[in-house]
Amino acid sequence: MTQPPSYPTPPAGGFQPTAGGLAPQPGPHPHGYAAPPQYAPPGYAPPQFYGGPQRPVAPPPTLTPGGQPLASFSDRLLAMLLDAAVFMVVGLVLAVPAAIIFLVVVAPDLTLFASDGSIREPDYLREILLPLLWLDLGIIVISLVLAYVYYVEMMFKTGQTFGKKMMKLQIVPLDPTRSLDRRAAAKRFLVQQFSGFVPGLSYLDGLWQLWDKPWQQCLHDKFAQTVVVKVSQ
């Protein structure tokens, strides 16, 4: 009767999976010698599995010499738009009484009839143009005074305007050993106001932050030696 073929007894250490199949684990070998340990090929690292695709890590923000994070261009732009909205409301408030003054004081003198009942030609320069110029000048003077209080006095006391407070930004000196004073705040204000009278300069002033290194300053920041930082409140 034919005997069934015999198979070698599995090693005592059992088998472990490898890249090429099953390999005996290190341990006593049935023929009297130990099986060599299994090694991974050079440069091989076992794969690691994670819960999902890895998100790119954002670079750390640029810090001022005092260790504060600099404000981004978008935050500063939104703060500027909020401040512009505040002054738009102020302009409307000033325009209402100016229109009332014009209608009450100037308009009654623009009658088309002389005292004898004949039609007369109004003096446009004296009766219309000059009163309007005086009203405009008054509005400009009041607006400049309010702008000085808003951009200089408020900044000098807190380092923030309404827009910067909403965006959690603050103006600080570039030199961390100094404190923001009225002189630096006034320099910023004057450069900003002057740039509005030169075509294109106000845009250049605001966009300068995009390529300025390393402190991301606008031109009025450079003139006043200040930077705008992100704060927690």
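Here is a chat between a student and a tutor about this predicted model.

Student: How do you know how far to trust the chain?

Tutor: Look at pLDDT. The chain averages 78, and 64% of the residues score at least 70. Confidence is lowest in strand 2 (residues 21-24), with a mean of 51, and highest in strand 4, at 95. Where pLDDT is low, the predicted coordinates should not be read in detail.

Student: What is the pattern of helices and strands along the sequence?

Tutor: The chain has 6 helices and 4 strands. From start to end they run β-β-α-α-α-β-α-α-α-β.

Student: Why is T226 called buried?

Tutor: Its relative accessibility is 1%, and buried means under 20%. The value falls under that cut-off, so T226 counts as buried. As for location, T226 sits in strand 4 (residues 226-230).

Student: Which residues does T226 touch?

Tutor: Leaving out residues up to four places away in sequence, T226 touches I171, V172, P173, L174, L180, A184, R188, Q217 and D221.

Student: What makes the pair T226 and R188 a polar contact?

Tutor: Their side chains are joined at 3.2 Å. The limit for such a pair of N or O atoms is 3.5 Å, and 3.2 Å is within 3.5 Å, so the pair passes on distance.

Student: How much of the chain is buried?

Tutor: Of its 233 residues, 24% count as buried. The accessible surface of the chain is about 16500 Å², and carbon and sulfur atoms hold 69% of that.

Student: Why is W134 called exposed?

Tutor: W134 has a relative accessible area of 62%. Exposed means over 50%, so with 62% W134 is exposed. You'll find W134 in helix 2 (residues 124-158).

Student: Which residues form the nonpolar patch on the surface?

Tutor: L129, L130, L133, W134, L137, V141, V145, Y148 and V149 form it, and together they have about 830 Å² of accessible area. Patch members need over 30% relative accessible area; W134, at 62%, is over 30%, so W134 meets that part of the rule.

Student: Why is K168 called partly exposed?

Tutor: K168 has a relative accessible area of 41%. Buried is under 20% and exposed is over 50%, and 41% is in between, so K168 is partly exposed. K168 lies in the loop between helix 3 (162-166) and strand 3.

Student: What makes the backbone at K168 and Q216 worth a look?

Tutor: Most residues other than glycine have a negative phi, and most peptide bonds are trans. K168 is not a glycine, yet it has a positive phi of about 60 degrees. Q216, also not a glycine, has a positive phi of about 55 degrees. Q216 belongs to the loop between helix 5 and helix 6.

Student: How do you know that the bond between K213 and P214 is cis?

Tutor: Omega tells you: it is about 0 degrees for the peptide bond joining K213 and P214. P214 is in the loop between helix 5 (201-207) and helix 6 (219-224).

Student: And S179, why is that one exposed?

Tutor: With 56% relative accessible area, S179 is over the 50% cut-off, so the label is exposed. S179 is in the loop between strand 3 (169-173) and helix 4 (182-195).

Student: How far apart are S179 and F156 in space?

Tutor: C-alpha to C-alpha they are 9.5 Å apart, with their positions 23 residues apart in sequence numbering.

Definitions and conventions
Residues are numbered from 1 along each chain as its sequence is written. This is a predicted model: local features need pLDDT of at least 70, side-chain atom pairs count only at pLDDT 80 or more; totals for chains, interfaces and linings use all residues. Side-chain values use heavy atoms; hydrogens and water are left out. Helices (H or I, at least four residues) and strands (E, at least two) are DSSP runs, numbered from the N terminus. Buried means under 20% relative accessible area, exposed over 50%, partly exposed in between (1.4 Å probe, protein chains only). Patches are made of residues with over 30% relative accessible area and no salt bridge: like charges are joined within 9 Å, nonpolar side chains (Val, Leu, Ile, Met, Phe, Trp, Tyr) within 5 Å. Accessible areas come from the Shrake-Rupley method with a 1.4 Å probe; for residues, only the protein chains shown count as cover. A salt bridge is a side-chain nitrogen of Lys or Arg within 4 Å of a carboxyl oxygen of Asp or Glu. A polar contact is a pair of N or O atoms within 3.5 Å; within protein, one must be able to donate a hydrogen and the other to accept it, and residues adjacent in sequence count only if both atoms are side-chain atoms. Contact means heavy atoms within 4.5 Å. pLDDT is the predictor's confidence in each residue, from 0 to 100.
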